[in-house]
Amino acid sequence: YSAYGIIMHLNILTKNIMPDCLFDNDNKQAILLIRDSVYLLLQALPTQLNDCKFFALESDLLARGIPSQLLPTNVQLVDYPKFVNLIIEYKSNATF
């Protein structure tokens with residue numbers, strides 16, 4: 001977080017597995033699900049990550065036949081321009 005309470009770190013997940021290191025952080029982070037990681041949305045998200053902001057790339061959901069109606073309410077769908085804006089907006093990011 002910055003001095004203004006803004007989340008400053010973005011985790012970009014690409015695989016159908018939640019990396020353990022996400023649970024070691026203070027949960028004040030954002031998580032962007034792309035590629036096969038969107039399958040993670042078919043199960044309950046870990047409660048340890050309730051304070052995280054979640055985003056999912058809409059085209060990857062569509063490509064894998066996952067209807068947006070199945071998504072948890074705290075997941076925001078994004079398109080490619082918003083994906084790029086997220087990378088610019090967050091001061092640091094990591095891809096898993």
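Colleague: Where does tyrosine 39 lie?
Modeller: Take the strands of this predicted model first. β2 spans 30-33 and β3 spans 53-57. Tyrosine 39 sits in the loop between β2 and β3.

Colleague: Is tyrosine 39 buried, partly exposed or exposed?
Modeller: Buried needs a relative accessible area under 20%, and exposed needs over 50%. Tyrosine 39 has 31% relative accessibility. That value falls in between, so tyrosine 39 counts as partly exposed.

Colleague: Which residues make the nonpolar surface patch of about 280 Å²?
Modeller: A patch member needs over 30% relative accessible area. Tyrosine 39, at 31%, passes that cut-off. The patch is made by Tyr39, Leu42 and Leu70.

Colleague: What pattern does the protein chain follow along the sequence?
Modeller: The protein chain has three helices and five strands. α2 is 58-63 and β4 is 75-78, while α3 covers residues 80-89. Read in order, the pattern is β-α-β-β-α-β-α-β.

Colleague: What percentage of the 96 residues count as buried?
Modeller: A residue is buried under 20% relative accessible area. Over the protein chain, the share that meets this is 39%.

Colleague: How much of the area that the protein chain exposes do carbon and sulfur atoms supply?
Modeller: The protein chain exposes about 5,600 Å². The part supplied by carbon and sulfur atoms is 52%.

Colleague: Which residues touch the most other members in the largest nonpolar core?
Modeller: Nonpolar side chains tend to be buried together in soluble globular proteins. Here the largest nonpolar core holds 17 residues. β2 and β3 each supply at least two residues of this core. The members that touch the most others are Ile31, Leu33, Leu41 and Phe54.

Colleague: How many residues does the other core have?
Modeller: This core lies apart from the largest one. Its members include Ala30, Leu32, Phe83 and Leu86. The number of residues is eleven.

Colleague: Leaving aside neighbours within four places in sequence, which residues is leucine 41 in contact with?
Modeller: Contact here means heavy atoms within 4.5 Å. Leucine 41 is one of the members of the largest core named for touching the most others. With those neighbours left aside, its contacts are Leu33, Ala56, Leu61, Leu70, Leu71, Pro72 and Val75.

Colleague: How many salt bridges are there?
Modeller: The cut-off is a side-chain nitrogen of Lys or Arg within 4 Å of a carboxyl oxygen of Asp or Glu. Arginine 64 and aspartate 36 meet it at 2.9 Å, N to O. Aspartate 60 and arginine 64 meet it at 3.6 Å, N to O. The count comes to two.

Colleague: How many residues apart in sequence are the parts that arginine 64 and aspartate 36 tie together?
Modeller: Arginine 64 lies in the loop between α2 and β4. Aspartate 36 lies in the loop between β2 and β3. The pair therefore ties together parts whose separation in sequence, in residues, is 28.

Colleague: Which residues do salt bridges that share partners join into one network?
Modeller: Arginine 64 bridges to aspartate 36. Arginine 64 also bridges to aspartate 60. The network is Asp36, Asp60 and Arg64.

Colleague: Is aspartate 60 buried or exposed?
Modeller: Two network members are partly exposed: arginine 64 at 24% and aspartate 36 at 36%. Aspartate 60, in helix α2, has 11% relative accessibility. That is under 20%, so aspartate 60 counts as buried.

Colleague: Which non-glycine residue has a positive phi of about 50°?
Modeller: Most residues other than glycine have a negative phi. The residue with the positive value lies in the loop between β2 and β3. Aspartate 60 is in contact with it, as well as with Ile34 and Val38. It is arginine 35.

Colleague: How many disulfides does a search of the whole structure find?
Modeller: A disulfide needs two cysteine sulfur atoms within 2.5 Å. Cysteine 21 is partly exposed at 31% relative accessibility, and cysteine 52 is buried at 5%. The number of disulfides found is zero.

Colleague: What distance separates the C-alpha atoms of glutamate 89 and methionine 8?
Modeller: Glutamate 89 is in helix α3 and is partly exposed, with 41% relative accessible area. Methionine 8 is 81 residues away along the chain. Their C-alpha atoms are separated by 8.1 Å.

Note on methods
Residues are numbered from 1 along each chain as its sequence is written. This is a predicted model: local features need pLDDT of at least 70, side-chain atom pairs count only at pLDDT 80 or more; totals for chains, interfaces and linings use all residues. Side-chain values use heavy atoms; hydrogens and water are left out. Helices (H or I, at least four residues) and strands (E, at least two) are DSSP runs, numbered from the N terminus. Buried means under 20% relative accessible area, exposed over 50%, partly exposed in between (1.4 Å probe, protein chains only). Accessible areas come from the Shrake-Rupley method with a 1.4 Å probe; for residues, only the protein chains shown count as cover. A nonpolar core is a set of buried Ala, Val, Leu, Ile, Met, Phe, Trp, Tyr and Cys residues joined through side-chain atoms within 4.5 Å. Patches are made of residues with over 30% relative accessible area and no salt bridge: like charges are joined within 9 Å, nonpolar side chains (Val, Leu, Ile, Met, Phe, Trp, Tyr) within 5 Å.
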